[in-house]
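Here is a friendly walk through one protein model, meant for someone meeting it fresh. Have a look at it first, then read on.

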Amino acid sequence: MNINTATALDPRRVQRRTVLILSAAQLLSGIGNGASLSVGSLLAVQLSGSNAWAGAVTTVMTLATAVAAMPLAGLAERRGRRAGLATGVLSGMAGAILVIAATVTGLFVLLLAGAALLGLATAANLQARFAAVDLAEPDKRGRSLAVVVWAVTAGAVAGPNLIRPGALVGEAMGLPGIAGPFIFSAAGLGLAALLLLVGLRPDPLLHALELRGEEARPPGRQRGVLQRGLAAARSSPSARLALLAVVTAHAAMAAVMSMTPLHLQLLMEGPPAAGQVHAHETGTDVFVLIGFTISLHIAGMYALSPVMGWLTDRAGRLPTLMLGHGLILAAAITAGLGAGRPGLVTTGLVLLGLGWSAATIAGSTLLAESVATGDRVLVQGVSDTLMSGAGALGAGISGLLLSWAGYTGLNAGAAALAAAVLVATALALRGGANQASAAG
């Protein structure tokens, strides 16, 4: 497409089509990832023969997401969003197929390899939110990004509910029942990739560059993408603040959320008896409470994304960032001080999800507009790398914090992170107000 052709297309029309395609692909990918995560821990225990490996699938997926973010961003920088997103999603489809093969062969290493490839699909899903703002008008960037984030909700909710139907499909195909959900994963990811390849035309990033008379980064500049992305982020105070807000929100959310099920189990049933090696069997009521709490938390993360996008555009990026981390602070105080009351813990988890939503959408929007167009894709890749790494770190150290300082202490750590970002954002707002007064 040359510049004359690019300018002949209505950018608003292309943007609406782009958001629609991205949202549909996110829904399909969400179904794939939701079905995978719901039985990944069960498969890990079954194939490894040890409960110690129960978190292996989630850990490998999270680390792979962090590692893949920059290579996928580099690919998008050179060849457009369609190439980067489709590559990640197709890799996830291959990963789901490997997991099915692992259930048939009983090879634990195949399960881990499949989980790693599924992590690439997660990295692509994260980058899809940025693709939604390539062509968006400045006063609609938050809403465009939020719609794509919101589309994950339907898939994430539907995925776990496909376990039983998936088992029936797997058994009908002569496969182990536990392989069934990954059949849906492979199908959902394959359809998402097809939708991106066929429907994401013109490519939003390449089209945006052509409208500005710029070109994509040539293939010879593909080395050092992480260093270039970090340098671009460091050069912009707004980008640094956006990265701090997004990464901190994700770390606090992952740390508290990952330990809440265990805390609720201990709260409802008490610790194992002295000398007992394994915890007693968890009762149905505890499973119901845990499921209810985590479901509400996930709803808080995604269901109100359009509202957070609207606030980002109407109230401003920095005020919405403050709202997000204010909610995270309130969540940590509520859950921490109410650690002995399940109702307050659940309320805290809902507030935590809402805070994560506001901080992530406002921070991602601010990041997308705080650096030059040519550096935008790599800086967004840096954001996803740091965000995924912070999530893995937060989840990893949360168990140590829980055993050392209890659930209240864990929430105190999350509150300290949120408070630090609130101070940094308030200083940025004050600095902007002072500059406006001086200019006036």
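What follows goes from the overall picture to the salt bridges, then to a few single residues and a surface patch.

**The basics**

This is a predicted model, so keep the ground rules in mind: local features need pLDDT of at least 70, side-chain atom pairs count only at pLDDT 80 or more, and totals for chains, interfaces and linings use all residues. Residues are numbered from 1 along each chain as its sequence is written, and side-chain values use heavy atoms, with hydrogens and water left out.

How many helices and strands are there? The protein has 16 helices and zero strands. Both are DSSP runs numbered from the N terminus (H or I over at least four residues for helices, E over at least two for strands). Of its 440 residues, 51% count as buried, where buried means under 20% relative accessible area, exposed over 50%, and partly exposed in between, using a 1.4 Å probe and protein chains only.

The accessible surface comes to about 18,500 Å², and 67% of that belongs to carbon and sulfur atoms. These areas come from the Shrake-Rupley method with a 1.4 Å probe; for residues, only the protein chains shown count as cover. As for contacts (heavy atoms within 4.5 Å), take the ones between residues at least 6 apart in sequence: 81% of them join residues at least 24 apart.

**How sure is the predictor?**

Confidence is given as pLDDT, which runs from 0 to 100 for each residue. The protein's mean is 84, and 84% of its residues reach 70 or more. Where is confidence lowest, and where is it highest? Helix 1 (residues 3–8) sits at the bottom with a mean of 47, while helix 14 (residues 317–337) tops out at 97. Over residues 1–7 the pLDDT is below 50, and this stretch has 11 contacts in the model beyond near neighbours in sequence. Residues 274–283 also stay under 50, with 10 contacts beyond four places in sequence.

**Charged partners**

Side chains of opposite charge can pair when their charged atoms come close. The structure holds eight salt bridges, each being a side-chain nitrogen of Lys or Arg within 4 Å of a carboxyl oxygen of Asp or Glu. Here are three of them.

| Acidic partner | Basic partner | N to O distance |
|---|---|---|
| Aspartate 134 | Arginine 81 | 2.7 Å |
| Aspartate 384 | Arginine 129 | 3.0 Å |
| Aspartate 313 | Arginine 143 | 2.9 Å |

Start with the pair of aspartate 134 and arginine 81. It links distant parts of the chain, 53 residues apart: aspartate 134 is in the loop between helix 5 (108–131) and helix 6 (141–158), and arginine 81 is in helix 4 (residues 81–105). Aspartate 134 counts as buried because its relative accessibility is 4%, and arginine 81 is buried too, at 3%.

Next, arginine 129 pairs with aspartate 384. Arginine 129 lies in helix 5 and aspartate 384 in helix 16 (residues 373–439), so this pair ties together parts that are 255 residues apart in sequence. Both arginine 129 and aspartate 384 are buried.

Then there is aspartate 313 with arginine 143. Aspartate 313 is in helix 13 (residues 305–314) and arginine 143 is in helix 6, 170 residues apart. Aspartate 313 is buried at 13% relative accessibility, whereas arginine 143, at 30%, counts as partly exposed. Salt bridges that share partners join Arg141, Arg143, Asp313, Arg317 and Glu369 into one network.

**Two residues in helix 2**

Threonine 18 is found in helix 2 (residues 11–48). Is threonine 18 buried or exposed? Threonine 18 is buried, since its relative accessible area is just 3%. Leaving out residues up to four places away in sequence, threonine 18 touches Ala131, Leu200 and Pro204.

Serine 29 sits in helix 2 as well, and is buried with a relative accessible area of 1%. On the same counting, serine 29 touches Val89, Asn125, Gly188, Leu189 and Ala192.

**Helix 8 and what comes after**

Which residues make the nonpolar surface patch of about 430 Å²? Leu90, Leu191, Leu194, Leu197 and Val198 do. Patches are made of residues with over 30% relative accessible area and no salt bridge, with like charges joined within 9 Å and nonpolar side chains (Val, Leu, Ile, Met, Phe, Trp, Tyr) within 5 Å. Helix 8 (residues 180–199) gives the most to this patch, with four residues. Valine 198 is in helix 8, and counts as exposed because its relative accessibility is 54%.

Finally, the peptide bond from arginine 201 to proline 202 is cis, with omega near 0°. Proline 202 is in the loop between helix 8 and helix 9 (204–211).

Methods: pLDDT = per-residue confidence, 0-100.
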